[in-house]
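Here are my notes on this one, written with the model open beside me. Have a look at it first, then work through the points in whatever order suits you.

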Amino acid sequence: MKRSRGLALATVLVLLSAACGRSGSPPQTASSASSSAPSAGTSQSRLDSGAFGDLTKVCSSADANGQKASGATARGVTDSEIHVGTVTDKGSDIRAGLDKEMFDSAVAFTSWCNQHGGILGRKLVLDDLDAKLFSYNDVITKACNGDFSLVGGGAVFDDGDNGQRVQCGLPNIAGFVTSATARRADLLVQPVPNPVDKLPIGGYLAVDRIAPGALQHYGVLTGNVTTTQQARDQNIEGVEKAGGTAVYNAEFNVVSGESNWAPFIDDMKSKGVRAFEIVSDPGFLQQIQAAMVTANFFPDVTIVNTNFYDSKFAQEGGANAKNTYIRSIFFPLELKDENAATADYLAMMQQFNPSGKVAQLGLQGMSAWLLFAQAATACGSQLTPQCLLDKSKVSTWTGGGLHAPTGPGTNSPSSCFLLMTLAGTKFVYDEKDTQPNQGKFNCSDANVVTLTKSVPK
């Protein structure tokens with residue numbers, strides 16, 4: 001059992017760190033790529049009118065002509081209801097509360113949406129599909145027996161149903177997908193795409209702005225299991241395509257951890273590492289950076305994914321997080337007063353699920369719910385799985401302004417990013433090194449590359 005628990009934890013690390021846009025728990029503080037003041041009115045007035053961010057009408061009791069949707073058009077759909085499910089692993093006894101923020105967002109969204117009439121008069125009925133890490137097949141069986149669609153969730157072992165979701169015709173407007181099998185699966189739309197063959201590299205390109213020449217001395221550390229190794233290999237190829245060179249590549253024991261990080265630090269120092277990345281969770285980086293303090297050695301840049309945008313990491317490890325930068329496609333929570341959608345997410349959570357967890361995966365789940373609502377409304381009385389998927393495959397999507405533009409229709413990740421860094425125990429937006437050209441974001445086709453040699457089989 002110890003081995004399976006360690007493997008599960010290792011996979012969780014990849015879930016939280018392998019792709020841009022995924023995240024752990026950012027600071028619990030209270031559209032488009034542009035940064036602008038919130039649109040006319042307040043969050044309360046927008047939410048009270050059924051609007052969210054720059055989406056003027058998300059939920060309503062009828063269309064512009066006063067017509068309600070009707071008909072039992074698919075499994076889980078009646079004249080008055082649409083049954084939908086959100087998958088998480090929040091009941092895991094290994095990582096209690098894993099992805100709970102996604103279900104918390106689902107509770108808030110469906111409650112708010114139903115208050116405004118649901119989807120053209122059909123109320124949303126939310127099913128809690130808690131896979132608890134190892135019960136993914138069971139929750140998919142449950143969903144296949146009664147749900148119209150999965151929305152706004154994600155699970156670590158999302159290939160554990162052996163294709164049952166697709167076989168039963170169950171769409172997934174996903175919060176995230178993890179395994180290569182799930183990322184390639186049919187009946188899937190990702191509002192924040194994580195394709196197997198494309199990688200955002202804007203953060204790597206920024207490294208040489210922060211410390212010229214540092215990317216030529218890149219080092220990466222990861223857990224010693226296949227899933228983390230695959231993520232590591234893709235990062236190395238991304239660094240190479242950004243003009244860098246990997247001079248250090250090591251693995252640590254992700255099952256039992258390491259009692260002494262000094263040999264890793266000494267090896268990095270001897271190899272001349274100037275730009276460092278770890279494919280893990282914030283807890284391991286905290287340990288490594290504490291060891292760096294002892295060794296009096298810090299790379300010029302530590303560049304990590306969005307899961308390090310974590311209040312616990314900032315509070316417990318911020319003092320040692322020297323030269324640490326976090327890449328993200330989401331508008332910072334700290335700047336909520338400058339962005340309507342961010343303010344609306346926080347206001348919705350406060351009003352409709354005040355005990356719910358506020359975190360970036362919650363934002364990602366909210367983006368999925370907004371896309372689902374827009375697509376289901378467009379389908380109206382012809383709401384079927386195929387119509388939902390077709391209407392969800394929009395060319396450009398920002399979640400009403402929650403994040404930089406993505407391409408759900410082409411499964412394309414965002415070509416925009418921004419950098420956050422730490423000032424003591426607080427996260428701050430790094431405008432100088434982001435070099436924004438669209439609001440708070442740096443946007444360029446050069447920020448995404450196509451992978452070849454590191455694509456998972």
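**Notes on the model**

1. Starting with one pair of residues: Arg-327 sits opposite Leu-419 of β12. Keep in mind throughout that this is a predicted model. The pair belongs to the contact between strand β11 (residues 324-328) and β12, an antiparallel pairing held by four bridges.

2. β12 has other partners too. Four bridges, again antiparallel, link β12 with strand β13 (residues 426-429), and within that pairing Leu-422 has Phe-427 of β13 as its bridge partner. The two strands make a hairpin with two residues in between, and Gly-424 in the turn shows a positive phi of about 70 degrees. With β14, β12 forms two bridges, also antiparallel; here Phe-417 faces Asn-442 of β14. Given these neighbours, have a look at how covered the strand is: seven of the eight residues in β12 are buried.

3. The β12 and β14 strands are also joined covalently. Cys-416 and Cys-443 form a disulfide, S to S 2.0 Å, and the 115 degrees about its S-S bond makes this link right-handed. Cys-416 belongs to strand β12 (residues 416-423) and Cys-443 to strand β14 (residues 442-443), so the bond ties together parts 27 residues apart in sequence. Both Cys-416 and Cys-443 are buried.

4. How many disulfides does the count come to? The count is four. Numbering the bonded cysteines along the chain, the pattern reads 1-2, 3-4, 5-6, 7-8.

5. Next, the disulfide between Cys-144 and Cys-168, with S to S at 2.0 Å. The torsion about its S-S bond is about -70 degrees, so this disulfide of Cys-144 and Cys-168 is left-handed. Cys-144 is in helix α4 (residues 136-144), while Cys-168 is in the loop between α5 (164-167) and β4 (172-173), so the pair ties together parts that are 24 residues apart in sequence. The two ends are not equally covered: Cys-144 is buried at 11% relative accessible area, whereas Cys-168 is partly exposed at 23%.

6. Cys-379 and Cys-387 make another disulfide, S to S 2.1 Å. The torsion about this S-S bond is about -110 degrees, so the link between Cys-379 and Cys-387 is left-handed. Cys-379 is buried, with a relative accessible area of 3%, and Cys-387 is buried too, at 16%.

7. Now the parallel sheet. It is open, has five strands in the order β2-β1-β3-β4-β5, and the pairing is parallel. β2 (123-130) and β5 (188-189) are at the edges with a single partner strand each, so one side of each has no neighbour in the sheet. β4 and β5 run parallel and are joined by two bridges, with Ile-173 opposite Val-189 in β5. Helix α3 (residues 100-115) lies across β1 (81-88) and β2, and runs at about 170 degrees to β2.

8. On packing, the largest nonpolar core has 87 residues, and Phe-52, Phe-109, Trp-112, Leu-221, Ile-278 and Phe-372 have the most contacts inside it. Which helix gives the largest share of this core? Helix α13 (residues 360-379) does, with eleven residues. If you want one residue to click on, try Phe-109: leaving aside neighbours within four places in sequence, its contacts include Val-58, Cys-59, Leu-124, Met-348, Met-366, Trp-369, Leu-370 and Ala-373. Apart from this core lies another, of 27 residues, including Ala-180, Val-207, Ala-231 and Leu-451.

9. Last, a check on helix α10 (residues 282-295). At 1.5 Å a residue, its 14 residues should span 20 Å, and the end C-alpha atoms are 20 Å apart, which agrees. Buried residues in α10 include Pro-282, Phe-284, Leu-285, Gln-286, Ile-288, Gln-289, Ala-291 and Met-292. Just past the end of α10, Asn-296 has a positive phi of about 55 degrees.

Note on methods:
Residues numbered from 1 in each chain as written. Predicted model: local features only at pLDDT ≥ 70, side-chain atom pairs only at ≥ 80, totals over all residues. Heavy atoms only, no water. Disulfide = S-S within 2.5 Å. Buried < 20%, exposed > 50% of the residue type's maximum accessible area, 1.4 Å probe, protein only. Pairing = 2+ DSSP bridges. Contact = heavy atoms within 4.5 Å. Axes fitted to C-alpha atoms, helices over the stretch in contact; angles between N-to-C directions. Core = buried A, V, L, I, M, F, W, Y, C linked by side-chain atoms within 4.5 Å. Expected span 1.5 Å × (residues − 1).
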